[in-house]
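Let's take a walk through this structure together, beginning with the ligand and then moving out to the pockets. Keep the 3D view open as you read.

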Amino acid sequence: MSRMQGIELHAIDLIKRAGKYIRQKMDQAYHIEEKTNKSDLVTEIDQHVEDLLIRGILDRYPDHHVYGEEGRIVRPDTLEGTVWFVDPIDGTMNFIRQKRLFAISIAIMVEGELRYGFVYDVMADELFHAIKGQGAYENGIRLAPIQERPVKEAIICMNATWVTANRRIDSNLLAPLVRDAVGVRAVGAASLELAWVAAGRVDGYITMRNMPWDYTGGQVLIEELGGRVGTIEGMDMTYLEQTSVLAGSRQFVEDVLTYVKK
Ligand code: 2AM
Ligand code: CA
């Protein structure tokens, strides 16, 4: 077996072990800190899980790079070589307040191409994973291609922030989506919302503020199932900075772009 053939199993093993650690620690007292604002939180569990994942990756692949949310290792500033995008707990607010609906998200990029994506719903014990060109799976069962749906037939995952006054987009542009869609939901964990698009539980995900560790795991899942992931301006991702995210079937994404470009 070549070094890269085992990478999927290695990633899954690390994710499952990290999930077990989180479930063991989550009912004990832990320290919580605010990062940029009151909704951007980190706990010592996020930090320790990122440390566990980094160690597990670099022990086996010392020449790989890790782009992690909690900055426990210097982030690469290019996409050269093999880059692991790691979010140890996506949906930290849910983790702290709801004790569910948070995920471990990992994506592996090789020479600029996203090849592997993993999103693990820790409390539901649901692992979504995809390998480019080899299918996308929910707990080992192959997922069907994403159904094409226009906005008028879609359930959209979107936080209400973006239809109230905000710094990133004119709220009048996104409000008509809420009016026209079949329903709107907000889970509070970007990677899970993207995994749910892949699994056909919802039809699209829109946010104005994600980082690469939030969306890359889910991006691999969605693209492998024929869907699209890009920015709200209709551009491709550039992966090293904060970005908007518009994800769903080709038809959903094209339809949303007609609302936003009005
Ligand atoms: P996190 O819990 O890993 O921070 C909440 O709406 C979603 O947005 C979560 O996926 C959350 O990820 C992410 N998020 C929260 N604050 C963010 C920020 N300042 N920049 C980018 N993503 C953020
Ligand atoms: Ca996180």
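Which element supplies the largest share of the shell around ligand 1? That element is β4, which contributes three residues. Before going further, please bear in mind that this is a predicted model.

With β4 in view, you can fill in the rest of the shell. In total, 16 residues surround ligand 1, and the closest include D87, D90, G91, T92 and A190. Two strands each supply at least two residues of this shell: β4, spanning 82-90, and β12, spanning 204-210. Sorted by class, the shell residues are four nonpolar, six polar and six charged.

Now zoom in on the individual atoms. On the oxygen side, a backbone N or O atom of I89 lies 3.3 Å from an oxygen atom of ligand 1. Side chains come into play at the nitrogen atoms of the ligand: an N or O atom in the side chain of R209 is 3.2 Å from a nitrogen atom of ligand 1, and for the side chain of D214 the corresponding distance to a ligand nitrogen atom is 3.0 Å. Overall, the protein covers 85% of the 490 Å² of accessible area that ligand 1 has on its own.

Next, step back to look at the space itself. Rolling a probe the size of a water molecule over the atoms shows where empty space is left. Here, ligand 1 takes up the space of the largest pocket, whose volume is about 900 Å³. This pocket is lined by 35 residues, and those nearest its centre are S39, D40, R209, N210 and D214. You have already met R209 and D214, whose side chains each have an N or O atom paired with a nitrogen atom of the ligand.

Which element gives the most to this lining? It is β12, with five residues. Among the other elements that each supply at least two residues are β4, α3 (92-97), β10 (155-158), α5 (190-198) and α6 (212-224). By class, the lining of the largest pocket divides into 13 nonpolar, twelve polar and ten charged residues.

One more stop remains on the tour. The second largest pocket has a volume of about 160 Å³. It is lined by 13 residues, and R228, V229, G230, G234 and V253 are the closest to its centre. Two elements, β13 (228-230) and α7 (250-260), give two or more residues to this lining. Its residues fall into five nonpolar, four polar and four charged.

How values were computed: Residues numbered from 1 in each chain as written. Chains lettered and ligands numbered in written order. Predicted model: local features only at pLDDT ≥ 70, side-chain atom pairs only at ≥ 80, totals over all residues. Heavy atoms only, no water. Near = heavy atom within 4 Å. Polar contact = N/O pair within 3.5 Å; in protein donor to acceptor, adjacent residues only side chain to side chain. Areas by Shrake-Rupley, 256 points an atom, 1.4 Å probe, with all protein chains shown as cover. 1 Å grid on protein atoms, 1.4 Å probe; cavity = no way out; pocket = protein on both sides within 12 Å on 5 of 7 lines; lining within 4 Å. Sits in = over half its atoms within 2 Å of the grid points. Helix = DSSP H or I, 4+ residues; strand = E, 2+ residues; numbered from the N terminus. Nonpolar A, V, L, I, M, F, W, Y, C, P; charged D, E, K, R; others polar. Points joined across faces, edges and corners; volume = space filled by probe spheres on them.
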